[in-house]
Amino acid sequence: MSPQQAAINILEELELKNQCPLPLQSVINHLGYHAQLFPKSDKTRNVACGVSADQKVIFANSNDDKAEQRYSFAHAIGHTVLHPGKNFVIRKAHLHHTNEALEEWEANQFADELLMNSDVFLRKWDEWGSVTSQVAGVFGLSKERINVRAKALQLI
């Protein structure tokens with residue numbers, strides 16, 4: 001199953017496919033995990049997120065703004081779904097879409113579809129007249145994340 005299909009399955013199972021912004025806590029709860037922020041420190045400065053499968057905790061970085069934390073949580077959820085039972089510490093560079101490490105690429109694809117489901121994204125893109133800042137507000141994400149998604153869907 002593709003990362004995108006895995007995300008769609010969760011959205012359908014939880015009846016969240018058309019919700020913007022997606023209530024990530026509902027997904028985390030469904031998976032039996034808890035959400036937690038890394039404390040602010042020099043050690044976590046370059047860490048985006050993590051997964052402790054042993055403790056059933058998904059982490060994001062408290063140093064990041066809320067929009068980036070949302071994406072980090074979705075990326076970590078991707079690892080939880082696609083690579084069950086494994087622990088991860090994900091550096092910020094791994095959330096970049098040019099990263100070619102297979103597990104990170106899969107988690108990014110999952111996060112994109114989970115947070116910005118293709119069908120919903122296309123509707124919102126048209127509804128807001130391709131204004132990136134408006135679309136970003138709808139999804140609770142950064143303009144950069146919206147631009148990456150729009151490019152992936154060949155909108156720009």
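**Reading helix packing and a sheet**

Analyst: Let's start with one crossing: H5 and H6 cross in a right-handed way. Keep in mind that this is a predicted model.

User: Okay, how do people describe two packed helices in general?

Analyst: Two numbers do the job: the angle between the axes and the distance between the axes. Here, helix H5 covers residues 118–127 and helix H6 covers residues 132–139; they pack at an angle of about 135 degrees, and their axes are 9 Å apart. That angle makes H5 oblique to H6.

User: Which residues of H5 and H6 make the contact?

Analyst: On the H5 side you'll find Val120, Phe121, Lys124 and Trp125, and H6 brings Thr132, Val135, Val138 and Phe139. Sorted by character, the residues of this contact are 6 nonpolar, 1 polar and 1 charged.

User: And how do H5 and H7 pack, at what angle?

Analyst: Helix H7 runs over residues 143–152, and H5 packs with H7 at an angle of about 105 degrees, with 11 Å between the axes. Angles of 65 to 115 degrees count as roughly perpendicular, so H5 and H7 are roughly perpendicular to each other. Ser118, Phe121 and Trp125 of H5 meet Ile146, Arg149 and Ala150 of H7. The tally for this contact is 4 nonpolar, 1 polar and 1 charged.

User: Ser118 caught my eye. What does Ser118 touch?

Analyst: Leaving aside residues up to four places away in sequence, Ser118 touches Glu113, Arg149 and Leu153. With Glu113 there is a polar contact, side chain to side chain, at 2.9 Å.

User: Now the sheet. What is the order of its strands?

Analyst: Read across the open sheet and its 4 strands come as E1-E3-E2-E4, with mixed pairing. Strand E1 (34–38) and strand E4 (88–91) stand at the edges with a single partner strand each, so one side of each has no neighbour in the sheet. The twist from one strand to the next averages 15 degrees.

User: How many bridges join E2 to E4?

Analyst: There are 4 bridges between strand E2 (residues 47–52) and E4, and the two run antiparallel. For one of the partnerships, look at Val47, whose bridge partner in E4 is Arg91.

User: Which helix packs on the sheet?

Analyst: That's helix H3, residues 66–82, which touches E1, E2, strand E3 (57–61) and E4. The direction of H3 makes about 150 degrees with that of E3.

Methods
Residues are numbered from 1 along each chain as its sequence is written. This is a predicted model: local features need pLDDT of at least 70, side-chain atom pairs count only at pLDDT 80 or more; totals for chains, interfaces and linings use all residues. Side-chain values use heavy atoms; hydrogens and water are left out. Axes are lines fitted to C-alpha atoms, for helices over the stretch in contact, and angles run from 0 to 180 degrees between N-to-C directions. Angles under 35 degrees count as roughly parallel, over 145 as roughly antiparallel, 65 to 115 as roughly perpendicular and the rest as oblique. A crossing is left-handed if the near helix is turned anticlockwise from the far one by less than a right angle, and right-handed if clockwise. Contact means heavy atoms within 4.5 Å. Ala, Val, Leu, Ile, Met, Phe, Trp, Tyr, Cys and Pro count as nonpolar, Asp, Glu, Lys and Arg as charged, and the others, Gly among them, as polar. Two strands pair if DSSP finds at least two bridges between them. A polar contact is a pair of N or O atoms within 3.5 Å; within protein, one must be able to donate a hydrogen and the other to accept it, and residues adjacent in sequence count only if both atoms are side-chain atoms.
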